[in-house]
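Hi,

Here is the structure I promised to pass on. Have a look at it first, and then read my notes below.

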Amino acid sequence: MIPEIKIVGIPDNAFSEAVETLQSCIRTKLPYEGFIYPYFSPGGYYGDGWWQLDLSLSLNGYKWIDLPFCENNLKNFVLTQENDGRIWLWAGNLVPHVPEASKYVSSLPKLFDAAYNVLCLSGNRELLQPVYDMLKKYLNWWYTERLDSMTGLITASFEETFVPYIGKAGERAVMDTNAEIVVACDILYRLAEYLGKNEDCALFIKRKAELIRAINRYLWNEEKGCYYAYFVKEKKMENMLMANTFNGMRKKICGEDRKKRLLSLLEDDRYFNFNTYPLTSVAKNDPAFQVVEGEYIGNPCWQGNVWTLINTEVVKSLIDSDELKMAARLAYKTISEFSCNYSEFLNPITGKGNGVEKYAWTASQYIELIVDVLFGIHFNRFENKLIIKPLFGLLGIKGDYSIKSLKLTENCVLDLEILCDNTCEINYELHGEADFTVEVIEVNN
C-alpha cells in the first residue's frame, strides 16, 4: 500500500514515483552472493549487485512500504557478515577502486541507523537479538581495524568515507565516518537497553563520549570555525572544506558556540548553496570544487555535486542539535529539487540530475525526508508509542499537508492532516487496532 501524500509545491505523484523507483531496483534472483532474500540493487548500470551503503539507505524509506522486506534484508546482512565482524562493501567482496584491498574494506556505516529504524518500526523481538549481535560485531570491527590509538579517531578509506580522496585505512580520519560511529554507539546503547544488557550500555556510553572528545580535539579548526579531516600519521589537518563539517551537530557532538559558527557557515551562500540547490558536497569557494555531468566517475562526483546522502545527514544533524527550522528548510529544499528527479546526484548550478536516473537511495531518502522529517512520524513498537511532530509550520508556506493510509502495523494505518495558516492545526485518525500511545507535538515559528 502506497500512502497518498499532499505537500504544497510538490507534485502529487512524486511520492508514488519514488516508491516505484525503489521497487524497480528490487532483485529477486536468489541466492546472490550470500543473500537469500530479495534485496535492492543501486539501480541503473550498477546491475544486480548489492551494496551495503545503498541497501542500508534504501531500507530507511522503504520500511514504510514493505516492512517484512526490510526485515529480511537485515537477515541478509547477518548471513553474510565475516567472522571478524566486517560487512562487505558490496556483493562479491571486491573494491573497484582498490581491488588488492578488497578483503579489508567495508562501507560508510549507515547500516546502524537503518537497522535501528527497521527494528523500532517492527518491534520484532526475535529479530532484535541476532541483529544486535551483528551490529555489535560490526562496531567492534571498526574499533579493531580502524581506530587510531594516538588520536582515538576512526580512520577510513574511500567508500568508508565519501570524500574526494581514496587513500588507505589508517591514514585519514574524516567527519562523516566518525559521526556515523558516534551514531552507532548511541544506537547500540538503545538496543542494549531493550535487551537489558547493562554492561554493554556502559561500554557504548564510554565509546561515544571518548569519540566525541577526539572529534572535537582533532577535527575542529578554531580559526575557521568548522570541522576538517585529519591525517593521523602526519599529524596535520586537511584544508578541504566539505559539507560533512555539519555532521558535527549530529548527536550534539559540537557545543553551542561551535554550533552557531556552523549554522552561520551553512546559511552563507558563498559556501554550500543553501538558498538555491543545496548542498554542494565541497564548498563552492574551495579550490577542490568541481561539478560533474553525466555518469558517476568516483571521487570527482563528491567535489561539488548535490547528494541526498549528504543533505539527509545534515538534516538529521540539525534535528539532533534542536535546529528544527533549518532542518525543515533543508528537508523541503531537498525534496523540491529531487521530486520526480530521483537521480544519483544533481548539478548544483542547474539542478539537473546526473548519474543513474532511477537511483534507489535517492528515492528512499526522499521518502524518509517526507515521512520521518517533515511529517515527523516516529513509531517505536518496542515502546508502543507514536510521536507526531510535523515541521511544516516552520516553512512559512501556508496550505494543507496530508498523508493518508500510512501503515504502522499489520492492523493499523494512519491518516494525518496539517492545516498551516498562522499556526498549524494537526488532525489525525488511526484506522484499525491501535494498542499504543500517541503524542502530538506542535512546532510553529
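Which residues lie nearest the centre of the largest pocket, and how many line it? Bear in mind that this is a predicted model. The lining consists of 34 residues, and Y116, N117, K251, I319 and H378 are the ones nearest the centre. The volume of this pocket comes out at about 1100 Å³. By class, its lining has 16 charged, 14 nonpolar and 4 polar residues.

Several elements contribute to that pocket. At least two lining residues each come from α4 (111-122), α6 (175-195), α9 (308-320), α11 (360-374), β11 (377-380) and β12 (385-388). The largest share belongs to α6, with 6 residues.

Since α6 keeps turning up, here is a bit more on that helix. It has 21 residues and spans 30 Å from first C-alpha to last, close to the 30 Å expected at 1.5 Å a residue. Most of α6 is covered, with 17 of the 21 residues buried. Right after the helix comes G196, with a positive phi near 70°.

The largest nonpolar core is made up of 154 residues, and I7, F375 and I377 have the most contacts inside it. Here too α6 gives the largest share, 12 residues. There is also a second, separate core of 7 residues, with V163, M240, M242 and A288 among them.

Now for the enclosed spaces. I get 5 cavities of 30 Å³ or more. The largest holds about 120 Å³ of space, and its lining includes D176, E180, M242, N244, W302 and E313. Both α6 and α9 supply at least two residues to that lining, with α9 giving the most, 3 residues. The classes here are 6 nonpolar, 4 charged and 2 polar.

The second largest cavity has about 60 Å³ of space. Among the residues around it are V163, V174, Y227, M240, M242 and N244, so to speak a mostly familiar cast: M242 and N244 also line the largest cavity, and V163, M240 and M242 belong to the second core. Its lining divides into 8 nonpolar, 2 polar and 1 charged.

Last, a small sheet. Three strands make an open, antiparallel sheet in the order β4-β7-β8. β4 (172-173) and β8 (236-237) are at the edges with a single partner strand each, so each has one side without a neighbour in the sheet. Between β4 and β7 (residues 230-231) there are 2 bridges, and R172 sits opposite F231 in β7.

Cheers

Methods
Residues are numbered from 1 along each chain as its sequence is written. This is a predicted model: local features need pLDDT of at least 70, side-chain atom pairs count only at pLDDT 80 or more; totals for chains, interfaces and linings use all residues. Side-chain values use heavy atoms; hydrogens and water are left out. On a 1 Å grid over the protein atoms alone, a cavity is a set of points where a 1.4 Å probe fits but cannot get out, and a pocket is an open set with protein on both sides within 12 Å along at least five of seven lines; lining residues have an atom within 4 Å of a point. Grid points are joined across faces, edges and corners, and a volume is the space filled by probe spheres set on the points. Helices (H or I, at least four residues) and strands (E, at least two) are DSSP runs, numbered from the N terminus. Ala, Val, Leu, Ile, Met, Phe, Trp, Tyr, Cys and Pro count as nonpolar, Asp, Glu, Lys and Arg as charged, and the others, Gly among them, as polar. Two strands pair if DSSP finds at least two bridges between them. The expected span of a helix is 1.5 Å times one less than its number of residues. Buried means under 20% relative accessible area, exposed over 50%, partly exposed in between (1.4 Å probe, protein chains only). A nonpolar core is a set of buried Ala, Val, Leu, Ile, Met, Phe, Trp, Tyr and Cys residues joined through side-chain atoms within 4.5 Å.
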